[in-house]
Every structure is written in C-alpha cells, then in structure tokens.
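Colleague: Could you take a close look at one helix for me, along with the rings around it and the pocket beside it? I'd like one connected account rather than a list.

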Amino acid sequence: MDFFIVNGGPRKKFNTAQLLEKASQGIVDELKKNHDEGDINIHNVHLYDLDFKGCKSCFHCKKIGGKYYAQCPIKDDLRDLLPKMKNSDGIIFGSPIYFGEITGELRSFFERFLFSSFVYGGESNAPKRMPIGMIYTMNVTEEICTPLYSSIFEILEGNLENVYSKPHSLKVYDTYQFTDYSKYENYAFDPELKAKRKEEHFHIDLKDAYDLGVKIAQDSLKI
C-alpha cells in the first residue's frame with residue numbers, strides 16, 4: 001500500500017513536519033495489524049523542494065478524447081508525481097497558515113491536483129477515491145481562528161471531498177513559531193505564554209495527528 005505525506009510548509013523539522021511525522025507513524029502502526037511491514041510504503045513530499053507552478057488554464061485535462069484527458073500535461077516536477085498520488089491509498093497534507101491561507105506552494109499544488117480530476121457539473125474523474133487528511137498549524141488561538149478562517153478551510157475541504165473524499169481535518173492553534181523569540185521583532189505574542197502552550201499542549205496535538213493517521217489507514221482498508 002502506498003501513502004503520501006505532503007509537507008506544504010518550508011520547514012522540515014518544525015511544527016507541521018513533526019505533526020506529519022506522527023500522522024505517518026499512525027498509518028504504519030495501524031496497517032501493521034493487517035499487513036506485513038514490507039507492504040506499506042510512505043512517500044514524503046516536501047513541496048518547497050519541487051519546481052512547479054499552479055494551473056496554466058491550458059484545459060488539456062478537460063479535452064474529451066484528448067491525450068491528456070484527466071491528466072495535467074505541464075512538464076515540471078509534478079508531471080510524474082501527480083499520477084502516483086492520484087492512485088495512492090491515502091494522502092495527508094500539512095500546511096502552516098499564512099495570512100489566513102495555506103501556503104502558496106500548497107495552493108498551487110491543489111490547483112493541479114484537483115482541477116485535472118474535476119468535472120464541471122459532473123462526477124469526479126479521479127482514478128480512485130481515497131482517504132485524505134489535512135493538518136493546519138497556526139499562530140492564532142482557536143477563538144481568533146474560528147470566525148476568521150473557518151470558511152476558507154470549508155471551501156478547500158469541500159473541493160477535496162468533491163474530487164476524492166471528505167478530509168479528516170486537524171487544526172493546531174497557538175503554535176510556537178521561533179526557537180528564540182528575543183531574536184525577532186514580535187509585538188503580538190508573549191514568548192512565555194507561547195512556551196507554556198507548547199509544553200502543555202503540543203504533545204496533545206501530536207497525539208491527535210497520530211490518531212488522524214490511524215483514521216486514514218482504517219479508511220484505506222474500507223475502499
């Protein structure tokens with residue numbers, strides 16, 4: 001079985017990356033109950049390492065009977081990756097939230113990943129349905145996030161549901177952003193409160209990420 005763990009953020013060892021690692025572990029541990037370890041392949045993708053752009057509106061993916069129908073023909077680092085992901089057994093995406101949105105890299109990726117299998121007014125032509133997970137990390141608290149960002153997340157997850165499946169969603173709030181707050185200009189966050197939040201709550205977020213991975217594995221066995 002093949003699963004993709006997609007880091008839409010620039011950092012490979014901080015909050016988003018750590019949560020994705022735990023989610024990956026949840027997938028493997030759950031599937032070991034039903035499969036040999038050798039049958040489980042986890043593919044880690046760091047979007048900031050890839051050379052690609054968003055959709056170019058060429059519409060080759062919509063051309064009936066065309067060579068690239070339901071495929072994205074753009075020749076870049078997504079050309080071979082997208083078909084593999086579309087035929088995988090599950091995907092978990094992670095992204096920090098910048099100005100209320102997922103990163104530009106992940107947004108551009110979704111334009112290609114979703115649009116090539118999206119059908120105007122019809123059923124998805126994706127090669128298969130699969131479980132999807134979304135992990136969001138952000139500096140703001142849940143009280144600030146909910147009224148401001150909820151509709152943004154709902155639109156994205158609604159598009160994912162339309163093409164692949166309704167995502168399992170984890171929102172991680174009030175994250176610890178800097179390793180040393182004294183080195184950076186910051187007037188909005190109290191470093192001591194940030195450190196206290198990380199110490200008291202991030203281990204819970206990691207457990208929630210692990211549980212999300214378990215759900216992805218369980219769903220993959222049902223499809």
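Modeller: Let's go with α3, bearing in mind that this is a predicted model. α3 runs over residues 104-115; it has 12 residues and spans 16 Å from first C-alpha to last, close to the 16 Å expected at 1.5 Å a residue.

Now for what is tucked away. The buried residues of α3 are Leu106, Phe109, Phe110, Arg112, Phe113, Leu114 and Phe115. As a reminder, an α-helix has 3.6 residues a turn, so residues three or four places apart point the same way. The cover over the buried residues of α3 includes α2 (81-86), β3, β4 (132-137) and α4 (142-163).

On to the rings. Searching the whole structure turns up 14 aromatic pairs. One of them is Phe93 with Phe109: the ring centres are 5.9 Å apart and the planes meet at 55 degrees, so this pair counts as tilted. Phe93 sits in strand β3 (residues 90-96) and Phe109 in α3, so the pair ties together parts that are 16 residues apart in sequence. Both Phe93 and Phe109 are buried. That pair also belongs to something wider, since ring pairs link Phe93, Phe109, Phe110, Phe113 and Tyr164 into a cluster.

At the end of the helix, take Phe115. Phe115 and Tyr120 make an edge-to-face pair, 6.1 Å centre to centre with 70 degrees between the planes. Phe115 is buried, whereas Tyr120, at 56% relative accessibility, counts as exposed; the cut-off for that is over 50%. Phe115 has a charge over its ring as well: the charged end of Lys62 sits there, 3.8 Å from the ring centre. You'll find another such arrangement with Arg11, which lies over the face of Phe14 at 4.1 Å from the ring centre.

Last, the pocket. The largest pocket holds about 360 Å³ of space. Its lining is made up of 15 residues, and those nearest the centre are Arg107, Phe110, Leu114, Leu156 and Asn159. The elements giving two or more residues to that lining are α3 and α4, with α4 contributing the most, at 6 residues. Phe110 is worth following through all of this: Phe110 is buried in α3, joins the ring cluster and is among the residues nearest the centre of the largest pocket. Leu114 is likewise buried and also among those nearest the pocket centre. As for α4, besides lining the pocket, it is part of what covers the buried residues of α3.

Note on methods: Residues are numbered from 1 along each chain as its sequence is written. This is a predicted model: local features need pLDDT of at least 70, side-chain atom pairs count only at pLDDT 80 or more; totals for chains, interfaces and linings use all residues. Side-chain values use heavy atoms; hydrogens and water are left out. Rings of Phe, Tyr and Trp (its six-membered ring) pair if their centres lie within 6.5 Å; planes under 30 degrees apart count as stacked, over 60 as edge-to-face and the rest as tilted. Helices (H or I, at least four residues) and strands (E, at least two) are DSSP runs, numbered from the N terminus. Buried means under 20% relative accessible area, exposed over 50%, partly exposed in between (1.4 Å probe, protein chains only). A charge sits over a ring if NZ of Lys or CZ of Arg is within 6 Å of the ring centre and within 35 degrees of the ring normal. The expected span of a helix is 1.5 Å times one less than its number of residues. Contact means heavy atoms within 4.5 Å. On a 1 Å grid over the protein atoms alone, a cavity is a set of points where a 1.4 Å probe fits but cannot get out, and a pocket is an open set with protein on both sides within 12 Å along at least five of seven lines; lining residues have an atom within 4 Å of a point. Grid points are joined across faces, edges and corners, and a volume is the space filled by probe spheres set on the points.
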